Amino acid sequence: MKVFKLAAGFAVGYVLGTRAGREKFEQIAATARQASANPRVIQAQEKAKALLNTGTEKVNAKLAAAKPTSATTPEPTYEYATKPLV
């Protein structure tokens, strides 16, 4: 996903910074539309979303299992408040 964002940022920067003008922009936009409509790209996007959802579910389950209960959490001590200030 980071590579895709990097490539998109590069393309936007190139389009905004190029002196080729509107023609180059239209060429890049057409290529992007064509790539996004490619069945392999769509399949890869769906697979990536499924992997992210699975990973998110696993992390949430581990976090829920590791969440401390109040019985195991020690009571806070306030020793600093009982010491006289010198």
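Colleague: What share of the 86 residues in the chain is made up of buried residues?

Modeller: A residue counts as buried when its relative accessible area is under 20%. In this predicted model, buried residues account for 2% of the 86 residues in the chain. The accessible surface comes to about 8,400 Å², and carbon and sulfur atoms hold 63% of that area.

Colleague: How many helices and strands does the secondary structure contain?

Modeller: There are 4 helices and 0 strands, and the order along the sequence is α-α-α-α.

Colleague: What span is expected of helix α3, and how far apart are its end C-alpha atoms?

Modeller: The expected span is 1.5 Å times one less than the number of residues. Helix α3 covers residues 39-66, so its 28 residues should span 40 Å; the end C-alpha atoms lie 41 Å apart, in agreement with that value. Helix α1, residues 2-17, reaches 22 Å from its first C-alpha to its last, close to the 22 Å expected for its 16 residues.

Colleague: Is α1 largely in the open or largely covered?

Modeller: Of the 16 residues of α1, 1 is buried, so the helix lies largely in the open. Helix α3 is hardly covered, with 0 buried residues among its 28.

Colleague: Which backbone nitrogen does a side-chain oxygen of Asn38 reach at the start of α3?

Modeller: A polar contact requires N or O atoms within 3.5 Å. Here a side-chain oxygen of Asn38 comes to within 3.0 Å of the backbone nitrogen of Arg40.

Colleague: Where is Phe25 placed, and why does Phe25 count as partly exposed?

Modeller: Phe25 belongs to helix α2, residues 22-36. The partly exposed class lies between the buried limit of 20% and the exposed limit of 50%; Phe25 falls in it because its relative accessibility is 34%. The C-alpha atom of Phe25 is 9.4 Å from that of Ala11, although the two residues are 14 apart along the chain.

Colleague: What volume does the largest pocket have, and which residues lie nearest its centre?

Modeller: Rolling a probe the size of a water molecule over the atoms reveals where empty space is left. The largest pocket has a volume of about 580 Å³. Its lining has 19 residues, with Phe4, Ala7, Ala8, Val41 and Gln45 nearest the centre. The elements giving two or more residues to this lining are α1, α2 and α3.

Colleague: Which element gives the most to that lining, and how do the lining residues divide by polarity?

Modeller: Helix α1 gives the most, with 7 residues. The lining divides into 15 nonpolar, 3 polar and 1 charged.

Terms used
Residues are numbered from 1 along each chain as its sequence is written. This is a predicted model: local features need pLDDT of at least 70, side-chain atom pairs count only at pLDDT 80 or more; totals for chains, interfaces and linings use all residues. Side-chain values use heavy atoms; hydrogens and water are left out. Buried means under 20% relative accessible area, exposed over 50%, partly exposed in between (1.4 Å probe, protein chains only). Accessible areas come from the Shrake-Rupley method with a 1.4 Å probe; for residues, only the protein chains shown count as cover. A polar contact is a pair of N or O atoms within 3.5 Å; within protein, one must be able to donate a hydrogen and the other to accept it, and residues adjacent in sequence count only if both atoms are side-chain atoms. On a 1 Å grid over the protein atoms alone, a cavity is a set of points where a 1.4 Å probe fits but cannot get out, and a pocket is an open set with protein on both sides within 12 Å along at least five of seven lines; lining residues have an atom within 4 Å of a point. Grid points are joined across faces, edges and corners, and a volume is the space filled by probe spheres set on the points. Ala, Val, Leu, Ile, Met, Phe, Trp, Tyr, Cys and Pro count as nonpolar, Asp, Glu, Lys and Arg as charged, and the others, Gly among them, as polar.
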